[in-house]
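Me: I would like a close look at a single part of this structure, with its surroundings described as one connected account. Please begin with the term on which the description of that part depends.

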Amino acid sequence: MIKPSDPRNLAIDLLPRSTCSVQVASVITDAGDNIISWGWNSSGPTGYGLCAERYAIVRANRNRLWCGTIYIAGKWRNKETIVKAKPCLKCQQVINKYELDVIYRDRNGEWR
């Protein structure tokens, strides 16, 4: 995969990597709008795995996370139906810690 320069396009391109019924992907940019990390949700052996947002944060250089932006996209696995992909409470707490702005794709495909 060639990495798109637009984090929104990269988030959409990463969705198929998720094996969950609701696929979610996230991309983080630093304060200078450079893509620094990305991730997708996954299920573990117990059925619970890691959220896309947490996966991207865990993979990122912590020094570059501050005051960046996290882009989040989601869709149903076997359909092209878009789902609103906002962070869960635990992810939102970590996002708040790093003062990341959140931009997510709504059910109409618009970025908010």
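Reply: A polar contact is a pair of N or O atoms within 3.5 Å, where within protein one atom must be able to donate a hydrogen and the other to accept it. The model examined here is predicted. In it, a polar contact of 2.6 Å joins the side chains of Ser-18 and Asn-41, and Ser-18 is the part chosen for the close look.

Ser-18 is located in the loop that connects helix 1 and strand 1. With a relative accessibility of 2%, Ser-18 counts as buried, because the cut-off for that class is under 20%. Leaving aside residues up to four places away in sequence, Ser-18 touches Gln-23, Val-24, Trp-40 and Asn-41. Gln-23 and Val-24 fall within strand 1, which spans residues 22–29, and Trp-40 falls within strand 2, which spans 35–40. A further relation concerns Ser-43: its C-alpha is 8.6 Å from that of Ser-18, although the two residues are 25 apart in sequence.

The sheet beside this loop may be described next. It is an open sheet of 4 strands with mixed pairing, in the order 2-1-3-4. Strand 2 and strand 4 (101–104) stand at the edges with a single partner strand each, so one side of each has no neighbour in the sheet. From one strand to the next, the twist averages 20°. Strand 2 is nevertheless mostly covered, with 5 of its 6 residues buried.

Strand 1 pairs with strand 2 in the antiparallel sense over 5 bridges; within this pairing, Val-27 has Trp-38 as its bridge partner in strand 2. Strand 1 is also joined to strand 3 (residues 69–76) by 8 bridges, again in an antiparallel arrangement. There, the bridge partner of Ala-25 is Ala-73. Helix 2 (residues 52–59) packs on the sheet and touches strand 1, strand 2 and strand 3, its direction making about 140° with that of strand 2. Helix 1 (residues 7–14) lies across strand 1, strand 2 and strand 3 as well, and runs at about 150° to strand 1.

The hairpin of strand 1 and strand 2 has 5 residues between the strands. Asp-33 lies in that loop and has a positive phi near 65°. Most residues other than glycine have a negative phi. Asp-33 counts as exposed, because its relative accessibility of 55% is over the 50% cut-off. Glu-99, in the loop between helix 4 (89–97) and strand 4, likewise has a positive phi, near 55°.

Two cysteines complete the account. The sulfur of Cys-88 is 3.6 Å from that of Cys-91, its closest cysteine sulfur, which is too far for a bond because a disulfide requires sulfur atoms within 2.5 Å. The count of disulfides is accordingly 0. Cys-91 is buried, with a relative accessible area of 0%, whereas Cys-88 is partly exposed at 33% relative accessibility.

As to confidence, the protein averages a pLDDT of 93, and 98% of the residues score at least 70. Among the elements, the lowest mean pLDDT is 95, for helix 3 (residues 62–65), and the highest is 98, for strand 4.

Notes. Residues are numbered from 1 along each chain as its sequence is written. This is a predicted model: local features need pLDDT of at least 70, side-chain atom pairs count only at pLDDT 80 or more; totals for chains, interfaces and linings use all residues. Side-chain values use heavy atoms; hydrogens and water are left out. Two strands pair if DSSP finds at least two bridges between them. Helices (H or I, at least four residues) and strands (E, at least two) are DSSP runs, numbered from the N terminus. Axes are lines fitted to C-alpha atoms, for helices over the stretch in contact, and angles run from 0 to 180 degrees between N-to-C directions. Contact means heavy atoms within 4.5 Å. Buried means under 20% relative accessible area, exposed over 50%, partly exposed in between (1.4 Å probe, protein chains only). pLDDT is the predictor's confidence in each residue, from 0 to 100.
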